[in-house]
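Reader: Before we begin, could you show me the model and help me read its salt bridges?

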Amino acid sequence: MSFDQAVLETCDLTISFGGHIAVNNVSCEFSRGSLTSIVGPNGAGKTTWFNLISGQLKATSGQVRLFGEDITGLGPARRSDKGLGRAFQLTNLFPNLTALENVRLAVASRHRIGHVFWQMASQRRDIADRALSYLEQVNLARRADTLVAALPHGDQRKLEVALMLALEPEVFMFDEPTAGMSVDEVPVILDLIADIKRRQNKVILLVEHKMDVVKSLSDRIVVLHNGELVADGEPSEVIASPIVQQVYLGASEQRVDDGEVASHD
Amino acid sequence: MMNQLLSGDAPRSGILTAVLLLIVISLAFGPFLFPGTRAFSTLGTICVFIIVVSAYDLMLGYTHIVSFAHTMFFGIGAYGIAMATDGMGNSFGAIASGLAGALILSLVLSLLLGLLSLRVRAIFFALVTLAVAFAFLSVVTQLYNLTGGEDGLRVRVPRELGPAFRPFDQPLPGFSVTRLITALVSDPGNPLQAFKGAIYEFRFTGRELMYYVVFFLSAGIFLFLLRLVNSPFGRVLQAIRENEFRAEALGYRTVYYRTAVVILSALLATVAGATFALINRYVNPENTLNFELMVFILLMSVIGGMGTLYGAVVGVALFTLAQNYLQDLLRWVGGYTEGIPLLAQLTGPDRWLLWFGLLFVLSVYFFPTGIVGQFRLWAGRRRRPT
């Protein structure tokens, strides 16, 4: 496998709900070691595109390919097995289990021990230790025994990221990882993403609205608008391109250079 | 050692531990502590239903699968034994083939139900299981030349499991707790006499042997399930209960897990049904397949505390005792209320279901997490006083 071969591809990926085409013929390739930000106004189809890639939604037409293999027909569990990791935009955890138990489930899935019924889960110190190390990475180790339902929102977002780390995926999909976080918590997550980018030769996809974040982290920016891919390229070029100025100014009457353009989908 | 046996999932409450010990000791030494056929059948029922309800709790409490077909699998086990011994005679071979046939039928049906849960979810799945269970009930009632219809079947057990078999030459000594308590209450001044009066002798027959088979089977299955729910597999089940969508996104193919749970639970219910047939020696639609029985299983599960397994033991013991002895209690109370209008009417022995319903409503209202959940809550509060 050559270094430049695409790890993840979407080919003419389309989904329509009734008459509404949410994602329209989006073709894109992502290769190793790259961090791509996906931007676009609310309702542009960013999260829908993510859902098509990670399998929560079934495409109307087109393909998703991972390492050249067509995975369009697979469910989310199989895609996760094959290396697609996803952190959700709206926090999506196991509320009545502890933070540690949440991560432990991800580690157990990565180590394929979900079927083991004859061993006590507590006997697998290796699994618990790994889970704890991921909690440490997101600064949550001291909350290990807290029920997720009792965690503050920012901590839940961090846990969401820890779960994806624990899956050790080939493709990291962050869907607005810093949304709703307090200002001092944001750097923890951003450093973590930068760290993954630096140390692991993986594919990172990031849906993010904070333009300063996007500019500083990304190698590439993809712009979605009304379900279509309208721009794709180097961050500085894309931001300067007329279509982006038009799309964003049309959407929120704000300058695009810095600050938050639009907060939530 | 104890931690290994309980898979690290201790009762975590002093009162609960005491209650469980009381139940376990009463069951383990049952024939030596409680003379009489009625007590014997109550003990047997408790052992059998601990299997049924803990298997049900695996589905309902740990995975949030609501199924009303649990009695169907119980009935398959019971009828498997009854029909096999009816057709092949009272041999162990007949029991083995009856059980094997029942297990195969349960496996096929539960596999179909499990796969169905891929398409039909939650309340709709529950309704489908209800329909299947009713269909099965009417099939059993209609095929009367095979199943005995409404009259049911007598189960002819092998000689070794019947009253004629005596493994010991001498009668064994027993110590009747019931007689002791009655004597102590009616004549508190004479405890020595009460103690002497409580000693009795009984013959250990094949029936007692069968009881111990059921007891050890029940204990074994319970400990197995306790291990299962505390294993990595059990953790996945809880993940599915909490957030199935997320479990799937983490890479767990939830339909496999759900199907495995439905099948395992069905097979255990079948085994329980088979032991019920052997210990009760009479099988009919009412005591194995009835919808009322299904509701009772659900109640035992809820009263005891769903998703705890220990709740199954407590729920079954309490429910079965209430079902068998609430009438006696009311008859006793009725002795004092005689002549008082209304009260006398309310405390008649045939009003037991009214009181039972009231007990149920109160227990659900005050203990929404079941008896076990409530005990643990209290124990937790005591450990960390606020």
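Reader: Is B:Arg331 buried, partly exposed or exposed?

Author: The general idea is that buried means under 20% relative accessible area and exposed means over 50%, with partly exposed in between (1.4 Å probe, protein chains only). Here B:Arg331 has 49% relative accessibility, so this residue counts as partly exposed. This is a predicted model, in which local features need pLDDT of at least 70 and side-chain atom pairs count only at pLDDT 80 or more, while totals for chains, interfaces and linings use all residues. Residues are numbered from 1 along each chain as its sequence is written, chains are lettered from A in the order in which they are written, and side-chain values use heavy atoms, with hydrogens and water left out.

Reader: Which residue forms a salt bridge with B:Arg331?

Author: A salt bridge is a side-chain nitrogen of Lys or Arg within 4 Å of a carboxyl oxygen of Asp or Glu. In this case the partner is B:Asp328, with the closest N and O atoms 3.2 Å apart. Both residues lie in helix α16 (residues 310–337) of chain B, three residues apart, about one turn of the helix; helices (H or I, at least four residues) and strands (E, at least two) are DSSP runs, numbered from the N terminus.

Reader: How many salt bridges does the structure hold over all chains?

Author: There are 24 over all chains. One of them joins A:Arg32 to A:Glu170, where the closest N and O atoms are 3.4 Å apart. That pair links distant parts of the chain, 138 residues apart, and A:Glu170 is partly exposed because its relative accessibility is 22%.
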